[in-house]
Amino acid sequence: MKIAAVYGFLRKESTYNTASLLLESLKSKTECEISEFFLPKDMPNFCVGCFSCIINSEEKCPHYEALQPIVKVLDEADVIILASPVYVFDVSGQMKAFLDHFGYRWMLHRPSSAMFSKIGVAISTTAGSGQKRTNQTMAKSLSYWGVRKIFSYGKAVRASNWKGVSPETKEVIKNDMEKLSQKIISEYGKTRKNPKIKTRLMFHLFRKLNGKDAWNKADKEYWKAQGWLDSKRPWN
Ligand SMILES: Cc1cc2nc3c(=O)[nH]c(=O)nc-3n(C[C@H](O)[C@H](O)[C@H](O)COP(=O)(O)O)c2cc1C
């Protein structure tokens with residue numbers, strides 16, 4: 001199982017340890033090839049809003065060189081993990097800056113067909129609350145990229161670092177990660193990997209928008225080249 005983990009932090013504390021427990025549990029069940037990216041170290045840039053990726057090509061993004069190695073690993077992964085601590089009730093700034101760079105990949109524009117068979121996982125930890133919203137932010141991107149099945153896990157750890165997390169809470173997280181890894185393995189083993197109805201509906205709406213009166217030539221040409229304006233679908 002190829003796993004790509006993108007971390008919206010540099011410090012290896014509660015969020016990192018939670019994600020690590022999941023990775024450990026997955027490793028105990030199947031052979032895993034894991035690639036990890038830490039933000040902002042591995043992608044330090046903010047989106048500058050130039051629209052180049054959307055209107056021209058992702059290669060025209062001023063941060064293409066930093067982004068491309070990560071994009072390649074994401075495309076090759078079976079499982080994509082996005083993990084962020086809760087900062088003021090949402091993802092960390094570096095995670096948001098990272099996700100902004102994938103605007104061109106939102107389903108309306110130029111989603112990669114590779115995404116439609118993948119499993120996504122959103123993980124967050126918080127002192128008290130905000131984990132739901134934080135996971136929604138990451139899960140929303142995964143969903144609009146086309147990711148087939150998305151799991152979310154958020155935990156209020158009542159601490160500012162891993163050392164401060166109580167042994168009881170650590171035990172709960174460990175058990176939860178064990179259960180989550182079982183779900184991921186079972187999803188990974190499925191032979192039928194059809195997308196959800198919601199994904200199909202979104203795809204058909206965006207197919208219409210990329211038809212006759214499409215506003216963005218680059219998107220329309222991409223959809224045409226994929227055969228999606230005809231009968232081909234990214235999940236077939
Ligand atoms: C800038 C900042 C903002 C935070 N905002 C919230 C918040 O809105 N709600 C909350 O309950 N905890 C908040 N926290 C606490 C962290 O979410 C919590 O300690 C989390 O487990 C930290 O993850 P880490 O140990 O992986 O860094 C914030 C912490 C920081 C540094």
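Student: How do the residues of the shell around the ligand divide?
Tutor: In this predicted model, the shell holds eight nonpolar, seven polar and two charged residues. H1 and S4 each supply at least two residues of that shell.

Student: What makes a residue one of the 17 around the ligand, and which come nearest?
Tutor: A residue is near the ligand if one of its heavy atoms lies within 4 Å of it. There are 17 residues around the ligand, and Arg11, Thr15, Val86, Thr126 and Gly128 come nearest. In the division by class, Arg11 therefore counts as charged, Val86 as nonpolar, and Gly128 as polar.

Student: Why is the approach of Thr125 to the ligand called a polar contact?
Tutor: The cut-off is 3.5 Å between N or O atoms. An N or O atom in the side chain of Thr125 is 2.8 Å from an oxygen atom of the ligand, so the pair meets the definition.

Student: Which kind of atom of Ser14 and of Ser129 lies 3.0 Å from an oxygen atom of the ligand?
Tutor: For Ser14, a polar backbone atom lies 3.0 Å from a ligand oxygen. For Ser129, a polar backbone atom is likewise 3.0 Å from an oxygen atom of the ligand. Both distances are within 3.5 Å, so each pair is a polar contact. As for cover, the ligand on its own has 650 Å² of accessible area, and the protein covers 73% of it.

Student: What makes it correct to say that the ligand sits in the largest pocket?
Tutor: The wording requires more than half of the ligand's atoms to lie within 2 Å of the pocket's grid points. The ligand is assigned to the largest pocket, which means that this condition is met.

Student: What is the volume of the largest pocket, and which residues are closest to its centre?
Tutor: The largest pocket has about 240 Å³ of space. It is lined by 19 residues, and Arg11, Thr15, Pro85, Thr125 and Ser160 are the closest to its centre. Two elements give two or more residues to this lining, helix H1 (14-29) and strand S4 (119-126). H1 gives the most, with three residues. By class, the lining has 10 nonpolar, seven polar and two charged residues.

Student: How is the second largest pocket lined?
Tutor: The second largest pocket holds about 190 Å³ of space. Its lining has 14 residues, of which Cys47, Gly49, Phe51, Cys53 and Asp100 lie nearest the centre. Helix H2 (residues 52-55) gives the most to this lining, with three residues. The division by class is eight nonpolar, five polar and one charged. Among the residues nearest the centre, Asp100 falls in the charged class because Asp is counted there.

Student: Why is the space lined by Cys53, Glu58 and others called a cavity and not a pocket?
Tutor: A cavity is a set of points where a 1.4 Å probe fits but cannot get out, whereas a pocket is open. The search of the whole structure finds one cavity of 30 Å³ or more, and the largest cavity holds about 40 Å³ of space. Its lining consists of Cys53, Glu58, Cys61, Tyr64, Leu67, Gln68, Val71 and Tyr104. Helix H3 (residues 64-76) gives the most to that lining, with four residues. Six of the lining residues are nonpolar, one is polar and one is charged. Glu58 is charged and Gln68 polar, because Glu is listed as charged and Gln belongs to the others.

Student: How do you know that the peptide bond between Leu39 and Pro40 is cis or trans?
Tutor: Omega is about 10°, and the bond joining Leu39 and Pro40 is cis. Pro40 lies in the loop between strand S2 (33-38) and H2.

Student: What is notable about phi in Phe89 and Arg158?
Tutor: Phi of Phe89 is near 65°, a positive value in a residue other than glycine. Phe89 is found in the loop between strand S3 (79-85) and helix H4 (93-100). Arg158, also not a glycine, has a positive phi of about 55°. The loop that contains Arg158 runs between strand S5 (149-156) and helix H6 (167-188).

How values were computed. Residues are numbered from 1 along each chain as its sequence is written. This is a predicted model: local features need pLDDT of at least 70, side-chain atom pairs count only at pLDDT 80 or more; totals for chains, interfaces and linings use all residues. Side-chain values use heavy atoms; hydrogens and water are left out. On a 1 Å grid over the protein atoms alone, a cavity is a set of points where a 1.4 Å probe fits but cannot get out, and a pocket is an open set with protein on both sides within 12 Å along at least five of seven lines; lining residues have an atom within 4 Å of a point. Grid points are joined across faces, edges and corners, and a volume is the space filled by probe spheres set on the points. A polar contact is a pair of N or O atoms within 3.5 Å; within protein, one must be able to donate a hydrogen and the other to accept it, and residues adjacent in sequence count only if both atoms are side-chain atoms. Accessible areas come from the Shrake-Rupley method with a 1.4 Å probe; for residues, only the protein chains shown count as cover.
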